[in-house]
Amino acid sequence: MPKTRKSGNPAKAAGGRQRWTRFVQHENTTTGEQVWQNSRYMVLVATRNDRTVRWGGLEGTHDAHLSFRRRDRQPEPITWRDIQRIKSELCGSEAEAIECFPAESRLIDGSNQRHLWVWRAGNLNSPQLGWYNGRAVVGEVLSEADAATVAPLVTVHGGKLSNARQNPFEDGADANLNQQGVIWP
């Protein structure tokens, strides 16, 4: 008979998600990477000054590499909103980041980890990723001007995005939108 693991966390045992807490820095590993953890995720952050970083792709113009996983070591999913929040809280809300899906011949998939390559806000080498029409987020009320600019992308009714389903925002999800990030010296 297979063993089942019980979670010591009542929210997780009940099928819920653990409440998001702020990231706290832990002692650096011998690689020189920063280690950040909150209630859900552990993130290794390698910045340009770390001695073990081997920059790859995009000609090494990015400022940081984030490697992150769920703390409970369970498989996916890590939601898009959680990944965006990790990037914004650690690197700043105006930092740009990409996630890579490499050729199968260069694939490394040894654990349930995800990776972001990040350009700090103000980096002139930063690619301008995403849409240029401004912010349009399901769950937020948009001004008429904002709704007009995103109309070609989505159907907008009364200042709200429609015909879309999205995970609800969690408490405090927008608390760090203007933050510059905590990983930078």
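Select V35 and then L44 in strand β3: the two are bridge partners, in a model that is predicted rather than determined. The strands that they belong to, β2 (residues 34-37) and β3, run antiparallel and are joined by 4 bridges; helices (H or I, at least four residues) and strands (E, at least two) are DSSP runs, numbered from the N terminus, and two strands count as paired if DSSP finds at least two bridges between them. Residues are numbered from 1 along each chain as its sequence is written. Local features need pLDDT of at least 70 and side-chain atom pairs count only at pLDDT 80 or more, while totals for chains, interfaces and linings use all residues, and side-chain values use heavy atoms, with hydrogens and water left out.

**The sheet**

Widen the selection to the open sheet of 6 strands, whose order is β1-β2-β3-β4-β6-β5, with antiparallel pairing. Strands β1 and β5 (96-98) stand at its edges, and each has a single partner strand, so one side of each is left without a neighbour in the sheet. From one strand to the next the twist averages 30°, where axes are lines fitted to C-alpha atoms (for helices over the stretch in contact) and angles run from 0 to 180 degrees between N-to-C directions.

Next, select β4 (residues 64-70) together with β6 (residues 113-119), which pair in the antiparallel sense over 6 bridges; here S67 stands opposite H115 in β6. Then move to β5 and β6, an antiparallel pair with 3 bridges, where A97 stands opposite V118 of β6.

**V118 in strand β6**

Stay on V118, which is found in strand β6 and is buried, with a relative accessible area of 0%; buried means under 20% relative accessible area, exposed over 50%, and partly exposed in between, with a 1.4 Å probe and protein chains only. Leaving aside neighbours within four places in sequence, V118 is in contact (heavy atoms within 4.5 Å) with H62, D63, A64, L66, C91, A95, E96 and A97. A C-alpha distance drawn from V118 to E99, 19 residues apart along the chain, comes to 9.1 Å.

**The nonpolar core and helix α2**

Select V43, L66, I86 and L90, which touch the most other members of the largest nonpolar core, a set of 19 residues. A nonpolar core is a set of buried Ala, Val, Leu, Ile, Met, Phe, Trp, Tyr and Cys residues joined through side-chain atoms within 4.5 Å. The elements β3, β4, α2 and β6 each give two or more residues to this core, and the largest share, 4 residues, comes from α2.

Centre the view on I86, which, leaving aside its neighbours within four places in sequence, is in contact with W20, F23, Y41, V43, L66, F68 and C91. In helix α2, also select E89, which counts as buried at 7% relative accessibility. From E89, draw a C-alpha to C-alpha distance to V182, which lies 93 residues away in sequence and 7.1 Å away in space.

**The aromatic cluster**

Three of the contacts of I86, namely W20, F23 and Y41, form one aromatic cluster. A search of the whole structure finds 2 aromatic pairs. W20 and F23 form an edge-to-face pair, with 5.9 Å from centre to centre and 85° between the planes; both residues are buried. W20 and Y41 form a tilted pair, at 5.8 Å centre to centre and 55° between the planes. Rings of Phe, Tyr and Trp (its six-membered ring) pair if their centres lie within 6.5 Å, and planes under 30 degrees apart count as stacked, over 60 as edge-to-face and the rest as tilted. The pair of W20 and Y41 links distant parts of the chain, 21 residues apart, with W20 in the loop between α1 (10-13) and β1 (24-26) and Y41 in strand β3 (residues 41-47).

**A loop residue, and confidence**

In the loop between β4 and α2 (80-91), select R73, which has a positive phi of about 60° although it is not a glycine.

Finally, colour the model by pLDDT, the predictor's confidence in each residue, from 0 to 100. The mean for the protein is 75, and 59% of its residues reach 70 or more. Over residues 3-7 the pLDDT is below 50, and beyond near neighbours in sequence this stretch has 2 contacts in the model.
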